[in-house]
Amino acid sequence: MTDTSSIPPVGQPKKKNAPIAMIFTTIILAAGLIFLVVMYFDQKNKMIEMESVLTQEKDSLANELRLMVHGYDTLRTDNDTLMANLQRERKRIVQLLSFNASNVQLIRKYKSEITTMRDIMKSYIVQIDSLNTRNKELVAENTGIKEQISQVQNTNVELTKAKEELTSKVSVASVIQAKEITAVTLNRKNKETTRLSLIDKLRICFTLRENPIAMPGEKEVFMRVIRPDSLVITASPDNLFDYHGDKLVYSESRLVDYMNQDIEMCIFLNNTGDFIVGTYSVGLYLDDNIIGRTTFTLAKR
């Protein structure tokens, strides 16, 4: 007789298959968990790296913006319109410094804006350099013009001085001089005498020199007879003539028609009781110039 107690019923699974399935499931779950953990830390590391890169990019952009601000601070121009544009761009850069880029797209956007700003700044630098170069050229041209003006002024001064010297020389050369001046006192019979009591008149004779560059025509020669006591003998206090802007008293005068050749002439002065003992000086004047001098002496007896 056979023992059937140890034989499982028909259709009932074997009990040893259940633990194997659970073990297999656990292994799969554990592997999946490990994979998820690895993926998590990998993604976390990538996020950390990305955040670090973003931070570096932000710092780099901020530094570049600060350098651009400093660059704008160093740009100077006298052009009001260009200076206003520089200030506007500088203000825009300062505002951009406060950016808060949190992703790659914003970083790229700011990079693009900074690139545009950099190009604008370069164009301003070129404009300012061009203006400065032109200003230097204008300053150089202005300096050259001033030097030319100074040279012309110096030349004019020299020419004026030379003209004045020439005019002075011509003026001096054109003066008609008197030569062979003689002073003689005459009595009533027109005889020479030096006795004071016998003098009737004074005769001053001379020759006007030939001068081809002098102005010809009618001229008036003035004579001043100065006594030993420095008084001028004159028939009237109204006998005055101009001499270097002053009015001088003259003793007598005479008109002469001068034709640029030697001409002899005499001037007479009547004795009206003004003669005294001593030495007299006589001066002859023509055309605002003194043209000759002489002296004579009178005695009492």
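**Fold, sheet arrangement and the environment of asparagine 187**

Along the sequence, the protein chain follows the pattern α-α-α-β-β-β-β-β-β-β-β-β. The model is predicted, and its secondary structure amounts to three helices and nine strands. Of the 301 residues in the protein chain, 26% are buried. The chain exposes about 21,200 Å², of which carbon and sulfur atoms supply 55%. When contacts between residues at least 6 apart in sequence are considered, 67% join residues at least 24 apart.

Three strands are arranged as an open sheet in the order S1-S2-S7, with antiparallel pairing. S1 and strand S7 (263-270) occupy the edges and have a single partner strand each, so one side of each is left without a neighbour in the sheet. On average, neighbouring strands of this sheet are turned by 15° against each other, direction ignored. Strands of a sheet pair through backbone hydrogen bonds, in either a parallel or an antiparallel manner. Between S1 and S2, the antiparallel pairing extends over seven bridges; alanine 178 has leucine 208 in S2 as its bridge partner.

The loop between strand S1 (178-186) and strand S2 (201-208) contains asparagine 187. This residue counts as buried because its relative accessibility is 18%, below the cut-off of 20%. With residues up to four places away in sequence left out of account, asparagine 187 touches Thr193, Leu198 and Asp200. In addition, a polar atom of the asparagine 187 side chain lies 2.9 Å from the backbone nitrogen of lysine 189.

Terms used: Residues numbered from 1 in each chain as written. Predicted model: local features only at pLDDT ≥ 70, side-chain atom pairs only at ≥ 80, totals over all residues. Heavy atoms only, no water. Helix = DSSP H or I, 4+ residues; strand = E, 2+ residues; numbered from the N terminus. Buried < 20%, exposed > 50% of the residue type's maximum accessible area, 1.4 Å probe, protein only. Contact = heavy atoms within 4.5 Å. Areas by Shrake-Rupley, 256 points an atom, 1.4 Å probe, with all protein chains shown as cover. Polar contact = N/O pair within 3.5 Å; in protein donor to acceptor, adjacent residues only side chain to side chain. Pairing = 2+ DSSP bridges. Axes fitted to C-alpha atoms, helices over the stretch in contact; angles between N-to-C directions.
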